[in-house]
Amino acid sequence: MERGPVLKRHLAVVAISSWSLFACAPIGAQIGGSMRFDTAVFLEDSAATSANVSAGDLDGDGHMDLVLVKGRHWPLVDIVLLGDGQGGFEAPYSVGPHPDRSYSGVLVDLDRDGDLDVVVSNDQPDPKIVHLNDGTGRFTLGSSFGQPEWSTRHVSVADFDRDSVPDVVLANRYGDEAGPSFICFGDGAGGFDAPCVGFAQGSATTITPADINGDEAPDLVAPHRDGGQSYVYLNDGSGGFNELRPFGPPNAAIRSAKAGDFNGDGFLDLAVIDETTGPALLMGAEDGSFASAVALGDATATPYAIEVADLDQDGSPDIIIGHVEYRPIAYLNDGDGAFMAVPFGDDEGVAYGFAVADFDEDGLLDIAMARSDARNVLYFGSRAAPPNP
């Protein structure tokens, strides 16, 4: 497909001002905040079963680009959108030659040639694959990893055995059954060694690397998706994960957990989205344990996507939560673990993933959102006007 300019289509978004929508937000949450996301551009002309969006400079021109991963249970082609640095994008083109059942696409330099490749997780019966970047944002099909029959949802990438080579962890979902998720160790040439190593028994849709115990080796935060106990698997420093610590209730339905020091005490906390009980915070302690969950936001809305980023660039991590047919909300952190809720966008479709970057290069962070049953969209950040004296 020939690449050409895409017109920027801006959608005016009216901010919600009703406190009643957030009456269940007890962690100091208020309506307001120093950031707004009231201007948006749709990334495509029609809706699809999109599942993930990732941001990075794919073609080396200094501007942020996007990879939209699609399919889930129904094969679709993943696409690239090259950014122009002003919030616009060139015409989309395919990452790879074949449609597949994708859930996530992680951007990382696997073959160590200085550009970003794409690691794609696919649901069964599709192989999990690597697309290698030629340096211009065009990709060739690389290796596969894991087993096609695995019910993989998301993948995450980190150096688990500290050999300076990226490894990948695959979150596999089993429903009411128990089964393993796996780590595949990188070979340094753009692929992964076989066989992969099972390390968990449960049912997961995401597994997040984070150095929970502060030993400079990434641990694994594995929430249970389908009514079971969630665990942090502690890294022994060489990619072994035999020590584990529970977090959250024993009957969790957590889609995803993200780590950050939300109250500024020097210990990592967890922000989680449980499909049955809503979003919550679990504060971390010095011994690596976590306190009981404290609700964040409106428990009547079903959360489906979460990201952590310093949206207002004040040095403390903020939280973005997307929902099922409900407006997304940015929770701006005051640095002590109190949050101000900033709703934005519309209530269409199901939010599946976020990517945060400065796409229009105005010095403020923007939010790209992948959703199913609604068009994927990019929201531009702006500073909120100060209150009248």
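1. Let me start at Gly188. Leaving aside residues up to four places away in sequence, Gly188 touches Leu110, Arg112 and Val165. As for where Gly188 sits, look in the loop between β14 (179-184) and β15. Despite the loop address, Gly188 counts as buried because its relative accessibility is 12%, and the cut-off for buried is under 20%. Keep in mind throughout that this is a predicted model.

2. One long-range pair to check while you are there: Gly188 and Gly71. They are 117 residues apart in sequence, and their C-alpha atoms are 29 Å apart in space.

3. Next, Gly202, which lies in strand β15 (residues 197-202). Gly202 is buried too, with a relative accessible area of 13%. Its contacts, again not counting residues up to four places away in sequence, are Tyr174, Glu177, Ala178, Gly179 and His224. Arg173 is worth a glance as well: it is 29 residues from Gly202 along the chain, with 7.8 Å between the two C-alpha atoms.

4. Now the fold as a whole. The protein has 30 strands and zero helices. Its radius of gyration is 20 Å, close to the 21 Å that the globule rule gives for 389 residues, so the protein is as compact as a globular protein of that length. If you want the outline, the C-alpha atoms fill a box of roughly 65 × 55 × 35 Å along the principal axes.

5. On packing: 55% of the 389 residues count as buried. Take the contacts with a separation of 6 or more, and 48% of them come from residues 24 or more positions apart.

6. The surface and the charges can go together. The accessible surface comes to about 15,100 Å², and carbon and sulfur atoms hold 51% of that. There are 21 positive and 61 negative charges in the protein, and the mean positions of the two sets are 7 Å apart.

7. Finally, confidence. The mean pLDDT is 90, and 90% of the residues reach 70 or more. Which stretch has a pLDDT below 50? That is residues 1-29, and beyond near neighbours in sequence this stretch has 72 contacts in the model. Where pLDDT is low, the predicted coordinates should not be read in detail. So I'd leave the individual contacts of residues 1-29 out of any close reading, because the pLDDT there is below 50.

Terms used. Residues numbered from 1 in each chain as written. Predicted model: local features only at pLDDT ≥ 70, side-chain atom pairs only at ≥ 80, totals over all residues. Heavy atoms only, no water. Helix = DSSP H or I, 4+ residues; strand = E, 2+ residues; numbered from the N terminus. Rg over C-alpha atoms; globule rule 2.2 N^0.38 Å. Buried < 20%, exposed > 50% of the residue type's maximum accessible area, 1.4 Å probe, protein only. Contact = heavy atoms within 4.5 Å. Areas by Shrake-Rupley, 256 points an atom, 1.4 Å probe, with all protein chains shown as cover. Lys, Arg positive; Asp, Glu negative; His and termini not counted. Charge placed at Lys NZ, Arg CZ, Asp CG, Glu CD. pLDDT = per-residue confidence, 0-100.
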